[in-house]
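Got your viewer open? Let's walk through this one stop by stop, with something to select at each.

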Amino acid sequence: MSGEKDLSILLQNMDPVMNAGEYVFCTVENPSEIPDIGKILFFFRESEAVTVVLEKNIADEWSLHYRYISSWITLNIHSSLEAVGLTAAFANALKKENISCNVVAAYFHDHIFVAKKDAEKAMEALYTLKNN
């Protein structure tokens, strides 16, 4: 498996980056209901429905319902899917600031979704974690 596994290296080099835009979590009954799958960030099939994450303006255009508007932060280090402790470390750093996070571990990077109102505070907490 490729990617970094050493937690200390991951934390020192995680380089959090705020992606532009506002992102929302929506549900659809079936992926075929998605007008243009190329415009979604990701989807995940659960037993109740399919969760779709996409830019808020696209959800508005498609009349998809959402309640949570988030910012998307990418940790720009290629973390291994087998790495231990990275998610716990940044989740605890955010918890200390009373910031909830929704995490996606993709093949190359970890992605963190935080409430839009908490985005700057979350970036500060992640940089504090990185620099300690």
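Which strand does S70 lie in? Select S70 and you land in strand 4, which spans 69-75. Keep in mind throughout that this is a predicted model.

**Stop one: around S70**

Is S70 buried or exposed? With a relative accessible area of 0%, S70 is buried. Now show what surrounds S70: leaving aside its neighbours within four places in sequence, S70 is in contact with G21, E22, Y23 and F25, and also with F113, V114, A115 and K116. For orientation, strand 1 covers 16-28, and strand 6 covers 110-115.

**Stop two: helix 3**

Next, select 86-96, which is helix 3. Colour its buried residues, namely L86, A89, F90, A93 and L94. They sit on the same side of helix 3, because they cover an arc of only 125° around the axis. The spacing rule is the usual one: an α-helix has 3.6 residues a turn, so residues three or four places apart point the same way.

What do those buried residues pack against? Bring up helix 1 (7-12) and helix 4 (119-131), then strand 4, strand 5 (102-105) and strand 6; the buried residues of helix 3 pack against each of these. Swing round to the other side of helix 3 and you'll find K95 and K96 exposed.

While you're on helix 3, pick N92. N92 has a relative accessible area of 39%, so it counts as partly exposed. Try a distance label from N92 to I58: C-alpha to C-alpha they are 32 Å apart, with their positions 34 residues apart in sequence.

**Stop three: positive phi**

Pull up a Ramachandran plot if you have one handy. Most residues other than glycine have a negative phi, which makes a few spots here fun to click on. N98 follows helix 3 and has a positive phi, near 60°.

Jump to D15, in the loop between helix 1 and strand 1. D15 isn't a glycine, yet its phi is positive, about 40°. D15 counts as partly exposed because its relative accessibility is 32%.

Then try S63, in the loop between helix 2 (56-61) and strand 4. S63 is also not a glycine, and its phi is positive at about 60°. Here the relative accessible area is 65%, so S63 is exposed.

**Stop four: the cysteines**

How many disulfides does a search of the whole structure find? The count is 0. To see why, select C26 and C101: the closest cysteine sulfur to that of C26 is in C101, 20 Å away, too far for a bond. Starting from C101 leads back to C26, again at 20 Å. As for their surroundings, C26 is buried because its relative accessibility is 1%, while C101, at 22%, counts as partly exposed.

**Stop five: a nonpolar patch**

Finish on the outside. Turn on the surface and select L81, Y107 and F108, which make a nonpolar surface patch of about 310 Å². Where does L81 lie? Look in the loop between strand 4 and helix 3. L81 counts as partly exposed, because its relative accessibility is 45%.

Definitions and conventions: Residues are numbered from 1 along each chain as its sequence is written. This is a predicted model: local features need pLDDT of at least 70, side-chain atom pairs count only at pLDDT 80 or more; totals for chains, interfaces and linings use all residues. Side-chain values use heavy atoms; hydrogens and water are left out. Patches are made of residues with over 30% relative accessible area and no salt bridge: like charges are joined within 9 Å, nonpolar side chains (Val, Leu, Ile, Met, Phe, Trp, Tyr) within 5 Å. Accessible areas come from the Shrake-Rupley method with a 1.4 Å probe; for residues, only the protein chains shown count as cover. A salt bridge is a side-chain nitrogen of Lys or Arg within 4 Å of a carboxyl oxygen of Asp or Glu. Helices (H or I, at least four residues) and strands (E, at least two) are DSSP runs, numbered from the N terminus. Buried means under 20% relative accessible area, exposed over 50%, partly exposed in between (1.4 Å probe, protein chains only). A disulfide is a pair of cysteine sulfur atoms within 2.5 Å. The arc is that of the directions from the helix axis to the C-beta atoms. Contact means heavy atoms within 4.5 Å.
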